[in-house]
Amino acid sequence: MFKTMAVLGLQFGDEGKGKIIDYLSSRFDIVARYQGGANAGHTVVVSGKTYKFHLIPSGILNRKICVLGNGMVIDPVELLKEMDMVGEYSPLKRILISERAHVVLPFHKEMDRIEEEIKSSGKVGTTGKGIGPAYQDKYARIGIRFADLLDKNILEKKIEMNLKFKEKFLNEKYDVKKITDEYWRIGKKLKRNIVDTSIFLRKSIENGKSVLFEGAQGTHLDVDFGMYPYVTSSNTTVGGVITGLGIPPKYVGKVMGVMKAYTTKVGEGPFPTEIKDNIAKYILEKGNEYGTTTGRPRRIGWLDLNLVKYSVNLSGVNYIAISKIDILSGLDKVKVAYAYRIGNKKIKNIPSRVEDIQKLEPIYREFDGWEFTEKDVKKDIPRNMMKYIRFIEKFTGAKVRILSLGPARENTKLLGPI
Ligand code: IMP
């Protein structure tokens, strides 16, 4: 069998994937990201030093080869900044960018702002990183790809044509020659990093290398299966691995889903288990639930196992990693939603229309609280916490194999073989 594993989010993003990927990546030769862009954000703490990533897989800190796949939309200016941040890990040698990945340009960010303004009260609450507009260009077949950055004439023509579609909307005046020059120079810097990553990955897997596929955002932000239109513009679920990296499905081995012990969400849209009481405030502060990319406070809610189960089924998740379970430590009672009520009906499925999701009332099961934090990482799990974990396993059908008890790599507990 091939030694590969996909790691993806089971909720609304911010599940703590970066930390889990950092922890797991020591076991793999290559870490490959398959979708999204600088809308993602994760913080990894290694040897007391904090790194904030938006584009580069955190596997770079384990000195692994990191691939940015064709399914991504990449802001090259942001990428260079991150490469500088991890300069001591030889990013110029270790980072491979798909020549088919799409480039996020300054006007994508302006379009992102304009689209949100037009939507007004129906806005998505995007990160403002130009993600939607860059994917729109990709599917409208007017996008600019990393291969284009390597030829000044081609680049100039494509930027000029692209801007013709947007000039009615944009307020700023963009100088085609200036942008071309700036991005062509970046292309020159990254020339050796821009390759056919699909061929590289397939050959590597066939030659016995192990690969971790890194997802960004979460299942309920997936453009097809999330709570549309309050979603991001890519496939965050397992199908994204295949199209976003250019590998056959048989090369995807195990799937690890990451979930937070409670639920958080940034941006607009329905959130059935959202709470706004003192417990929400307690979790917000204790869990430092502020977006890595935008600094926005996250909305807080109890664990919604309906959402998690949907994600497990959709992506064929084998193993679950639970993050931030330490944040619940010290609470008297911990609640988990396992079904919804809509009128007189009890349902477990998630309706496809947000208008219907908004009407769902969660049905909870209450668990007695526990005390267990990062200092207990080597100890046995307390009985009440174990009951919570077993309930998650029974309900979803996936095995909980990792617990994260704090931001540092050492505060991670392995519960079984993976
Ligand atoms: P966009 O991806 O910037 O277009 O934003 C679309 C939606 O996805 C908004 O609700 C964002 O808050 C959300 N989103 C995008 N990236 C992330 C992430 O990495 N974590 C959590 N939410 C995200």
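Which residues of helix α11 (residues 305-315) are buried? They are Leu-305, Asn-306, Leu-307, Val-308, Ser-311, Val-312 and Ser-315, where buried means under 20% relative accessible area, exposed over 50% and partly exposed in between, using a 1.4 Å probe and protein chains only. Helices (H or I, at least four residues) and strands (E, at least two) are DSSP runs, numbered from the N terminus.

A quick word on the model: it is predicted, so local features need pLDDT of at least 70 and side-chain atom pairs count only at pLDDT 80 or more, while totals for chains, interfaces and linings use all residues. Residues are numbered from 1 along each chain as its sequence is written, and side-chain values use heavy atoms, with hydrogens and water left out.

Back to α11. Its buried residues pack against β1 (4-9), β11 (254-260), β14 (303-304), β15 (319-323), β16 (333-342) and α13 (383-396); contact here means heavy atoms within 4.5 Å. After the helix comes Gly-316, with a positive phi near 60°.

Now for the ligand. It has 16 residues around it, and the closest are Asp-14, Asn-39, Thr-127, Thr-232 and Arg-296; a residue counts as near if one of its heavy atoms lies within 4 Å. Some side chains make polar contacts, meaning pairs of N or O atoms within 3.5 Å (within protein, one must be able to donate a hydrogen and the other to accept it, and residues adjacent in sequence count only if both atoms are side-chain atoms).

| Residue | Side-chain N or O atom to a ligand oxygen |
|---|---|
| Asn-39 | 2.9 Å |
| Thr-127 | 2.6 Å |
| Thr-232 | 2.6 Å |

Next, two residues tucked away from the surface probe. Ser-58 sits in the loop between β4 (49-53) and β5 (65-68), and it is buried, with a relative accessible area of 0%. Leaving out residues up to four places away in sequence, Ser-58 touches Gly-18, Ile-21, Asp-22, His-42, Val-44, Phe-53 and Glu-214. Its side chain also reaches the backbone oxygen of Gly-18 at 3.3 Å. Ser-58 and Lys-19 are 39 residues apart in sequence, yet their C-alpha atoms are 8.1 Å apart.

Thr-197 belongs to helix α8 (residues 197-206) and is buried too, at a relative accessible area of 1%. Beyond its neighbours within four places in sequence, Thr-197 is in contact with Val-67, Leu-68, Gly-69, Leu-96, Ile-97 and Ser-98.
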